[in-house]
Amino acid sequence: MAAVNCNVNLPKIMKYGSLFCGIAIMFAGLSVTLNVLNAFHVPTFVLAISQVLFGLLIAQTVRPMAWASKWFPFVKPYHGRGAFMVYVGFSLFYDPFGFIEIIGICTVILGLIFLAVGCGTCGDVRAEGEDSNVAVPKGAKPATQV
């Protein structure tokens, strides 16, 4: 039996998956916000506005914005971003099963990947420009995984 070689580029999956999920969440929130009938139902309107902001926070991981890192520091490390994505993904389950729930499932799965990488169970994976939240003394060399 031949061995199967499966190379997965996890940083690209995480980067572009979060971009896709964030944009999809923003559009879902905008579609609910623009619906005139939901504008008069305050809880649905507030949920839709929060989805737009949450989608922006998830999508900004491709090109991190300074204000997002300043006001929402939990979206910078992998484990904080993963927990946030799981929360946002589960908050999308409020209608009978439809497109928004599929986006929610994708967001939860991507959040679990971020949590696994943040907890160190998936090895040493770093996205482009990702900073560690661990203080390293000056002149110290990073440890390598064996």
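## A six-helix chain at a glance

Of the 146 residues in the protein chain, 34% count as buried. Welcome to this structure, which is a predicted model. The chain has six helices and zero strands, so a walk through the fold is a walk from helix to helix, following the pattern α-α-α-α-α-α. The notes below start with the chain as a whole, move on to three helix pairs, and finish with four individual residues.

**The chain as a whole**

- Among contacts in the protein chain with a separation of 6 or more, 64% are made by residues 24 or more positions apart.
- The accessible surface of the protein chain is about 9,600 Å², and carbon and sulfur atoms account for 69% of that surface.

**Helices α1 and α3**

- Helix α1 covers residues 10-34, and helix α3 covers residues 42-59.
- The axes of α1 and α3 lie 7 Å apart, and the two helices pack at an angle of about 160°.
- That angle is over 145 degrees, and α1 and α3 are therefore roughly antiparallel to each other.
- The crossing in which α1 passes α3 is left-handed.
- On the α1 side, the residues that meet α3 include S18, L19, G22, I23, I25 and M26.
- On the α3 side, the residues that meet α1 include T44, F45, A48, I49, Q51 and V52.
- Sorted by class, this contact of α1 with α3 has 14 nonpolar and seven polar residues, with no charged residues.

**Helices α1 and α6**

- Helix α1 also packs with α6: their axes come within 10 Å and cross at roughly 145°.
- Here, too, α1 makes a left-handed crossing, this time as it passes α6.
- From α1, the residues L10, I13, M14, G17, S18, C21, A24, I25 and A28 take part in the contact.
- Their partners in α6 are I100, I103, C106, T107, L110, I113, F114 and V117.
- The contact of α1 with α6 is made of 14 nonpolar residues and three polar ones, and no charged residues.

**Helices α5 and α6**

- Helix α5 spans residues 78-91, and helix α6 spans residues 99-118.
- These two helices pack at an angle of about 160°, and their axes are 7 Å apart.
- With an angle over 145 degrees, α5 and α6 are therefore roughly antiparallel to each other.
- The crossing of α5 and α6 is left-handed.
- On the α5 side, the contact is formed by Y78, H79, R81, G82, A83, M85, V86, G89 and F90.
- Facing them in α6 are ten residues named here in part, among them G104, T107, V108, L110, G111 and L112.
- The residues of the contact of α5 with α6 divide into eleven nonpolar, seven polar and one charged.

**T107, a residue inside helix α6**

- T107 sits in helix α6.
- Its relative accessibility is 0%, so T107 counts as buried, for which the cut-off is under 20%.
- Apart from neighbours within four places in sequence, T107 is in contact with C21, I25, I58, M85 and G89.
- T107 also appears among the α6 residues that meet α5 and among those that meet α1.

**Q60, a loop residue**

- Q60 is found in the loop between α3 and α4, where α4 runs over residues 66-71.
- Q60 has a relative accessible area of 6%, so this loop residue is buried.
- Leaving out neighbours within four places in sequence, the contacts of Q60 are M65, A68 and V75.
- Q60 and L19 are 41 residues apart in sequence, and their C-alpha atoms are 7.2 Å apart in space.

**W67 and F99, two residues with accessible area**

- W67 lies in helix α4.
- At 36% relative accessibility, W67 counts as partly exposed, because its value falls between the cut-offs of 20% and 50%.
- Beyond neighbours within four places in sequence, W67 is in contact with L56 and F72.
- F99 has its place in helix α6.
- F99 counts as exposed because its relative accessibility is 59%, over the 50% cut-off.
- F99 and A24 are 75 residues apart in sequence, with a C-alpha to C-alpha distance of 9.8 Å.

Conventions:
Residues numbered from 1 in each chain as written. Predicted model: local features only at pLDDT ≥ 70, side-chain atom pairs only at ≥ 80, totals over all residues. Heavy atoms only, no water. Buried < 20%, exposed > 50% of the residue type's maximum accessible area, 1.4 Å probe, protein only. Contact = heavy atoms within 4.5 Å. Areas by Shrake-Rupley, 256 points an atom, 1.4 Å probe, with all protein chains shown as cover. Axes fitted to C-alpha atoms, helices over the stretch in contact; angles between N-to-C directions. Parallel < 35°, antiparallel > 145°, perpendicular 65-115°, else oblique. Left-handed = near helix turned anticlockwise from the far one by under 90°. Nonpolar A, V, L, I, M, F, W, Y, C, P; charged D, E, K, R; others polar.
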